[in-house]
Amino acid sequence: MSTSDDGFRRRVQRRTVALLCFAQVLGGLAMGSSLALGAILGEQLSGAESLAGLPTTVLTLGAAAAGLPLAALAQRSGRRPALATGFLIATAGAAVVASAVDLGWFPLLLLGMAGIGSGTAVSLQSRFAATDLATPRTRGRDLSLVVWTTMVGAVAGPAVLPLGADLASLLHVDELAGPFIIGAAGTAAAAAVLWIGLRPDPLHVAADRAPAAAVSKPSLAQGFETIRRHAGARNAVVSVVSAHAVMVAVMALTPVHMSHGGASLTVVGLSISAHVAGMYALAPVMGILTDRLGRVPTVLIGQALLLAGCVTGFALNESQAGLVVALVLLGLGWSAATVAGSTMLTDSVDVAMRPRVQGISDTSMSLAGAIAGATAGVVVGLFGYPVLVLAAGAVSVAAAAYLVVDRAR
């Protein structure tokens with residue numbers, strides 16, 4: 001690559017990362033509101049406490065359902081149409097949720113939450129878009145910056161609830177519909193930012209610089225075969241999927257366990273805030289570790305932190321402060337394993353195959369999270385919270401062992 005080509009690539013990469021980060025903030029308004037209000041709306045519109053968690057589950061399944069189609073669209077046409085389309089679907093979903101809240105229709109709420117899940121799929125794929133033109137030396141850092149800005153949306157979403165109530169009053173709709181109206185505006189703006197600004201498309205630029213033999217339109221089956229045949233891709237998918245499953249399983253039931261132990265809603269809320277901070281606040285640090293220490297060592301650090309969180313949750317399951325520490329460790333472990341594992345996945349496959357493989361990884365993550373969240377409730381109901389965290393810790397140990405053994409073969 002000539003000096004002029006290298007300079008062009010760096011300029012496009014800087015612009016791409018900045019646009020992706022900005023879009024993450026805008027799109028996060030809908031995601032944050034959905035997570036903050038999902039259970040409340042589920043119980044309110046269904047009239048059954050047992051269905052309170054269903055909207056959030058449907059949102060996760062919506063993300064899983066959108067992952068592969070959006071990856072296929074990126075494969076055919078580039079990152080720009082794929083990411084913008086995903087945000088537009090989320091816009092429609094947020095608008096449907098706002099209507100469902102105002103009308104009091106529970107099935108319509110679920111339909112809208114599934115649409116909002118497309119925004120989660122975009123957030124996952126955005127971190128990969130940040131690596132299309134990154135060099136191996138800075139790939140982890142660039143990916144982690146996009147992950148980090150997700151925190152802004154996660155914090156801003158709940159923060160706009162009072163503003164949403166004011167907007168709802170002006171529009172004469174239910175006050176809980178207001179935040180989703182703001183969320184719809186945010187995702188629409190994110191779609192516009194990416195559609196207008198993401199030119200040239202980073203995936204197209206990367207493909208233009210790839211060897212001619214690598215440029216193709218691989219099928220979904222070829223994507224699965226690539227993961228099976230390449231150790232780096234296998235290890236990456238196992239790393240991110242296992243980390244996500246462990247994190248969701250423990251995070252989903254810890255607030256319930258704390259509440260049953262006498263914790264106030266304020267303490268429970270602060271514990272989740274600390275957990276989210278652990279997931280996102282130090283993502284750039286995890287990116288730097290990924291680039292300097294290496295992909296595999298950083299994944300192993302992540303799995304060790306996840307295990308430490310589970311052990312802490314087991315040993316201090318009757319201590320509110322101990323459970324908060326466990327949630328923070330859990331968030332940090334997820335961050336390290338996800339940033340390093342996602343970077344490893346990008347390293348392991350050529351440009352033409354990346355969107356397919358990345359889509360498979362993202363869909364697997366979302367499905368693993370949905371299954372883990374549902375299974376966690378059953379485990380706690382039958383055996384108790386300590387058994388849940390021990391089982392989750394065992395998954396982290398198994399994932400780390402698989403990585404070490406598979407890399408050594």
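These legends go with close-up views of a predicted model.

**View 1. Helix 2 packs alongside helix 15.** Two packed helices are described by the angle between their axes and the distance between the axes. Here, helix 2 covers residues 54–77 and helix 15 covers residues 354–383. Their axes come within 8 Å and cross at roughly 180°. Angles over 145 degrees count as roughly antiparallel, so that's what we call helix 2 relative to helix 15.

**View 2. A look at who touches whom between helix 2 and helix 15.** On the helix 2 side, the contact is made by T60, L61, A63, A64, G67, L68, A71, A72, A74 and Q75. Helix 15 answers with P355, R356, G359, I360, T363, S366, L367 and A370. Sorted by class, this contact has 11 nonpolar, 6 polar and 1 charged residues.

**View 3. The cavity, with its lining residues.** Searching the whole structure turns up 1 cavity of 30 Å³ or more. The largest cavity has a volume of about 40 Å³. Its lining is made up of A71, A74, R79, Q125, F128, P355, Q358 and G359. By class, that lining splits into 4 nonpolar, 3 polar and 1 charged.

**View 4. The helices around the largest cavity.** Helix 2, helix 4 (106–129) and helix 15 each chip in at least two residues of the lining. Helix 15 gives the most, with 3 residues. Some names may look familiar from View 2: A71 and A74 of helix 2, plus P355 and G359 of helix 15, are among the contact residues, and these four also line the largest cavity.

Methods
Residues numbered from 1 in each chain as written. Predicted model: local features only at pLDDT ≥ 70, side-chain atom pairs only at ≥ 80, totals over all residues. Heavy atoms only, no water. Axes fitted to C-alpha atoms, helices over the stretch in contact; angles between N-to-C directions. Helix = DSSP H or I, 4+ residues; strand = E, 2+ residues; numbered from the N terminus. Parallel < 35°, antiparallel > 145°, perpendicular 65-115°, else oblique. Contact = heavy atoms within 4.5 Å. Nonpolar A, V, L, I, M, F, W, Y, C, P; charged D, E, K, R; others polar. 1 Å grid on protein atoms, 1.4 Å probe; cavity = no way out; pocket = protein on both sides within 12 Å on 5 of 7 lines; lining within 4 Å. Points joined across faces, edges and corners; volume = space filled by probe spheres on them.
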